[in-house]
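Please describe how the two chains meet in this model, and then set out the architecture of chain B for a reader at the bench.

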Amino acid sequence: MRRIAEEARLRGTVVCDVTDSEGRNAAVFAHALGTRLGLRVVLAFVVDGVGAAAQETATSTLTGIANELGDGVEIRLEVGDRVEALARVAGEEGADLVIVGARAVGLGGRNLRCRLVRDLEAETAVPVLVAPPSTRRRSEQRLAVGIATSG
Amino acid sequence: MRFSRLPLLWRIFAVNAALLVIAGLLLALARGRIHESFAFLEGVDIAIVLVVMLGANFLLLRHILGPIERLVERMRSVDLLRPDQRLAERGGSEVAQLVAVFNQMLERLETERRVSGQQALRAQESERARVSRSLHDEVGQVLTGVLLQLDSLAGSRDPGQRRAVEETKRAVRQALEEVRRIARELRPEMLEHLGLVSALTELSRRFTDQSGIPVERRFADRLPPLSDEAELAVYRVAQESLTNVARHADASRVELGLEPGANSVVLRVVDDGRGIAEARALNGNGGLRGMRERALLVSGALAVKPARDGGVEVRLEVPAAGD
């Protein structure tokens, strides 16, 4: 029984927002984290409106990133408010973690701009993690290695 | 658009703007009377000050009233079947208090809904069990008795009468079979006696017999134990999903799986049919509300989404017993 529980513990879920320009970077980070910890990765793209063209672009971006990362990645295309949609997907997928991308701002890119995190934190009980932007300096160890080789 | 229908922020801003513009004009007029040489540049100065004041006024109002607008929006859109939707307690202290009270109210409503939902579902299951027993024990017995009586009449010498009796027997057998099927659907006895995997196996066999759609079963060898309520939720969601596939999906195959999750069990029903948009158009919510309700009451997570290769995927994750 203990072994079953241990095996089961390795199958958590990560929902990753790939809606904006930092989405791909966040997806690569989520995938590296998922591979290392045995987590299911769900990429979510939120379209603000029901226009066919916007949805087509979103679908192509989403499937492009998913194909790049490999077979194990699942995708969700949602329409509506970004924060609400991400919270909804996190709830429906039983997510243990939501990962969002951030942009580096300020002198030398020392600060991270991610207003989404603040709103998302209030909207869902699932913890939110900020993937550092691709422009940030990486350490040579652990997850950073995974990101560096995938990215 | 009528003024009273404008959002509060715009109404207050419009009144403030009007007052400031009037004040600016009065100031310009007064300066014009006192100093006859009122220059054009002084007018520009006043205009710039006015714009700066209006800008500051707008930002301040938005900071104060923004959370109220978000609160109103949330009040309109809140769905108790999606718990944990809360608002950040930002803004002035009164607004933050209002948001905090709203969040507390949501908490209470969700708890009450969960409790009353559980009671309603228990009552529903108990009623289903009662109807199932009545159908099986009473209607079933009566029909069996009718069959026996018809058997005794089958020996008649009149060929027309014999044919009529045979047809009646066929109709009664069909009715008996139908009664047994309804009784089985109402009360999954297999679930009580042999467990979830056997019950889902039987459910999928019956589904294939009735719909002609093959089901590929993928049940993990070892699954964490579930509470009775969680098992029933998994069974009912699988049943509803398969019913939706048979009715609306136009699928050629279905995959039914049970796998361990993160201290949980995951049910997956995936078809290769016409997809979620068309299925929804045909079926409305497709029993989605009922499935969500069941998932919520056992603290599960339900996703109904497009499958990777077309069709629809229903994914239900329920926590293991004692988790």
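The contact takes 21 residues from chain A and 17 residues from chain B, two residues being in contact if their C-beta atoms, placed from the backbone, lie within 7 Å. On the side of chain B that touches chain A, the largest share, four residues, comes from strand β4 (residues 301-306) of chain B. The classes on that side of chain B are tabulated below, where Ala, Val, Leu, Ile, Met, Phe, Trp, Tyr, Cys and Pro count as nonpolar, Asp, Glu, Lys and Arg as charged, and the others, Gly among them, as polar.

| Class | Residues of chain B touching chain A |
|---|---|
| nonpolar | eight residues |
| polar | three residues |
| charged | six residues |

This is a predicted model, in which local features need pLDDT of at least 70 and side-chain atom pairs count only at pLDDT 80 or more, while totals for chains, interfaces and linings use all residues. Residues are numbered from 1 along each chain as its sequence is written, and chains are lettered from A and ligands numbered from 1 in the order in which they are written.

Chain B has nine helices and five strands, these being DSSP runs (helices H or I, at least four residues; strands E, at least two) numbered from the N terminus. Along its principal axes, the C-alpha trace of chain B spans about 130 × 50 × 40 Å.

Strands β1 (residues 215-219) and β2 (residues 254-260) of chain B run parallel and are joined by five bridges, where pairing requires at least two DSSP bridges. Within this pair, Arg218(B) has Gly257(B) in β2(B) as its bridge partner.
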